[in-house]
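This report is meant for someone meeting the structure for the first time. It goes from single residues to helices and then to the overall arrangement.

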Amino acid sequence: QILIGFSAQSKCAQTQSLVDAKLERRKRGLFGPPVGKTCIVMVDDLNMPVKETYGAQPPIEILRQGIDAIAYPPTGGWYDTKDSTHPFRSLADVLLFGAMGEPGGGRTFITPRMLGHFFLMGFPLLDDDNMAQIFNTILDWKFRVDTYPGDVAGLSKKIVQATMDIYKATSAELLPTPLKVHYSFNLRDFAKVIFGMLLLKKPECEGPERHVRLWVHEIFRVFG
């Protein structure tokens, strides 16, 4: 398994080296995982690399070349840039998975030539009611199981609603750019705040004020 996280600074040679380092030589010109196994390459933020002058995204193009069995038979591959003779390296038993967000900010549309190699799946964002239901249930369960005082247990809905307001405002105002690719907030960040609230044990609970201070701390830690 190879995990790759793309950013605006991702380079073609770097991407190729990450994959080559995990594969072994099977025979002359053919590389892959150990015989009988399949290498899974998982690329996060697939559409983050910056486009060059002519509109191509080199890190994406090298991956496309590696799996394009039609243009580079029989299995797809690329040229060995570290060898002075630049022999072609065919890649066998390699599966490519990718994940990306909607174009916007630092994210762009990727070439249809790349999309043509994928089975596409889309996941819509949760609406506000579903998000509130999920995280209210988590907090209510925590406060009930640990028998927190009523004034603390009553904060669950307020904590979730306040976190949602901050999350939506941050997502709308702090958009990712090529120079600030970390400005990309999703449900994982929302969950970090809520799960951070679960770390305060009952013996450390000194009333609702301490939970409010903890919530402020978690908001600054995740979104600040």
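## A starting point in helix α1

Leu-18 has its place in helix α1, which covers residues 12-20; the model in which it is seen is a predicted one. With a relative accessible area of 38%, Leu-18 counts as partly exposed, because that class lies between the limits of under 20% for buried and over 50% for exposed. From Leu-18 to Ser-156 there are 138 residues in sequence, and the C-alpha atoms of Leu-18 and Ser-156 are 44 Å apart in space.

## Two domains

The domain assignment of the protein gives domain 1 as residues 2-116 and domain 2 as residues 128-223. Between the C-alpha centres of domain 1 and domain 2 there is a distance of 38 Å.

## A nonpolar patch at the surface

Ile-40, Leu-95 and Phe-97 together make a nonpolar surface patch of about 260 Å². One of these residues, Phe-97, belongs to strand β7, which runs over residues 94-99. The relative accessible area of Phe-97 is 44%, so this residue is partly exposed.

## Helix α4 and its two sides

Helix α4 is formed by the 18 residues 128-145, and at 1.5 Å a residue it should span 26 Å, which agrees with the 26 Å that separate its end C-alpha atoms. The buried residues of α4 are Met-131, Ala-132, Phe-135, Asn-136, Leu-139, Lys-142 and Phe-143. These residues cover an arc of only 125° around the axis, and therefore lie on the same side of α4. On the other side of α4, the residues Asp-129, Gln-133 and Arg-144 are exposed.

## Helix α6 and its buried face

For helix α6, residues 156-173, the expected span can be set beside the model in the same manner: 18 residues at 1.5 Å a residue should span 26 Å, and the end C-alpha atoms are 26 Å apart, which agrees. Ser-156, the residue paired above with Leu-18, is among the buried residues of α6, and the others are Ile-159, Val-160, Thr-163, Met-164, Tyr-167 and Thr-170. Seen down the axis of α6, the buried residues fall within an arc of 140°, so they line one face of the helix.

Which residues are exposed on the other side of α6? Lys-157, Lys-158, Ala-172 and Glu-173 are exposed there.

Notes
Residues numbered from 1 in each chain as written. Predicted model: local features only at pLDDT ≥ 70, side-chain atom pairs only at ≥ 80, totals over all residues. Heavy atoms only, no water. Domains from an automatic or database assignment. Patch = residues over 30% accessible without salt bridge, like charges linked within 9 Å, V, L, I, M, F, W, Y side chains within 5 Å. Areas by Shrake-Rupley, 256 points an atom, 1.4 Å probe, with all protein chains shown as cover. Salt bridge = Lys/Arg side-chain N within 4 Å of Asp/Glu carboxyl O. Helix = DSSP H or I, 4+ residues; strand = E, 2+ residues; numbered from the N terminus. Buried < 20%, exposed > 50% of the residue type's maximum accessible area, 1.4 Å probe, protein only. Expected span 1.5 Å × (residues − 1). Arc of directions from axis to C-beta.
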